[in-house]
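Hi everyone, thanks for coming. Please have the sequence and the 3D view open, and let's walk through the inside of this protein together.

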Amino acid sequence: MQAVDIHALKAGEVNLGTSIMAVQFKDGVVVGADSRTTTGSYIANRVTDKLTHVHDRIYCCRSGSAADTQAVADSVHYAMQMYAQQHGAPPPVHTAASIFQKVCYENKDALSAGIIIGGWDKEVGPSVYNIPLGGGLFRQPWAIGGSGSTYVYGYCDATFQEGWGKEETVNFVKNTLSLAMSRDGSSGGVIRMCVITEDGVERLFVPGNELPRFWEGKEVLGVDPLKPRSAPGPVPMAVEV
């Protein structure tokens, strides 16, 4: 039996080569993503919204096949609407994450989907769940995914601190995604973020010309490109006395 390559896309399929993340803080969750969608080396959409509404205080970030992740998110969104009608209360974040995991695991040979779920509920408060390729389910204080994530694991490990407030968490997400976008050719565009708390959902937007800037190298090592170069002056000739 031929093995299935879960990293391969079907003919004509669009890839969300991407950088996505979600971070829990004391009052809620910040989810964020870049906005570049690629088909091979061609940028099919530079302003994609990869933050998908699942329920009032539950959002997911999608990576992998755009078609697969949209279909899965639509299915879970429908299930959460049914849950709210049947129980008369908003669904817990873990319930949404479990349904995502069930769909992804039972169809792991047919799907290319990596999904991060973040949200707030009255039972647990803020929570973040990561579902990588293959359909596992892991609750984490922060999660990153997509092709750009491989460049920033070290930065996240070295920088993240528990007990952060909203402002520090938003800056952490913004800086992490900006670093990933600067290194990963399949990530780019703008940064979209959602701050999910008990009070509701706040959307944040960082345009491309306002992204945090970091060291990007120099044309010649040891030479400051901002410093004007002066032509070398004449060298006096040694004269014997």
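Helix 4 gives the most to the lining of the second largest cavity, with three residues. Before I go on, please remember that this is a predicted model. The whole lining of that second largest cavity is Ser19, Ile20, Met21, Ile144, Ser149, Val152, Thr176, Leu177 and Ala180. Two elements give two or more residues to it: strand 1, at 20–25, and helix 4, at 166–183. The space inside comes to about 30 Å³. By class, six of the lining residues are nonpolar, three are polar and none is charged.

How do we look for such gaps? Rolling a probe the size of a water molecule over the atoms shows where empty space is left.

And how many cavities of 30 Å³ or more does the structure hold? There are two. The largest has a volume of about 40 Å³. Around it you'll find Cys104, Lys108, Leu111, Ala113, Pro132, Leu133, Gly134 and Gly135. That lining has five nonpolar residues, two polar and one charged.

Now back to helix 4. Here's a little check you can do yourselves: at 1.5 Å a residue, its 18 residues should span 26 Å, and the end C-alpha atoms are 26 Å apart, so the two agree. Many names come up when we ask what is buried in helix 4, including Thr169, Phe172, Val173, Thr176, Leu177 and Ala180. What covers the buried residues of this helix? Strand 1, strand 2 (28–33), helix 3 (153–159), strand 11 and strand 12 (200–206) are included in that cover.

Next, the cores. In soluble globular proteins, nonpolar side chains tend to be buried together. Here, the largest nonpolar core has 22 residues, and those touching the most other members are Met21, Val23, Val30, Phe172, Val173, Ile191 and Met193. Two or more residues each come from strand 1, strand 10 (142–145), helix 4 and strand 11 (191–197). Helix 4 again gives the most, this time seven residues.

Let's zoom in on Val23. Setting aside neighbours within four places in sequence, Val23 is in contact with ten residues you can click through: Gly28, Val29, Val30, Val128, Pro141, Trp142, Phe160, Thr169, Phe172 and Val173. Apart from the largest core lies another one, of 18 residues, with Cys60, Met80, Val93 and Ile115 among them.

So, if you take one thing home, follow helix 4: it gives the most residues to the lining of the second largest cavity, and helix 4 also gives the most to the largest nonpolar core. Thanks for listening!

Terms used. Residues are numbered from 1 along each chain as its sequence is written. This is a predicted model: local features need pLDDT of at least 70, side-chain atom pairs count only at pLDDT 80 or more; totals for chains, interfaces and linings use all residues. Side-chain values use heavy atoms; hydrogens and water are left out. On a 1 Å grid over the protein atoms alone, a cavity is a set of points where a 1.4 Å probe fits but cannot get out, and a pocket is an open set with protein on both sides within 12 Å along at least five of seven lines; lining residues have an atom within 4 Å of a point. Grid points are joined across faces, edges and corners, and a volume is the space filled by probe spheres set on the points. Ala, Val, Leu, Ile, Met, Phe, Trp, Tyr, Cys and Pro count as nonpolar, Asp, Glu, Lys and Arg as charged, and the others, Gly among them, as polar. Helices (H or I, at least four residues) and strands (E, at least two) are DSSP runs, numbered from the N terminus. A nonpolar core is a set of buried Ala, Val, Leu, Ile, Met, Phe, Trp, Tyr and Cys residues joined through side-chain atoms within 4.5 Å. Buried means under 20% relative accessible area, exposed over 50%, partly exposed in between (1.4 Å probe, protein chains only). Contact means heavy atoms within 4.5 Å. The expected span of a helix is 1.5 Å times one less than its number of residues.
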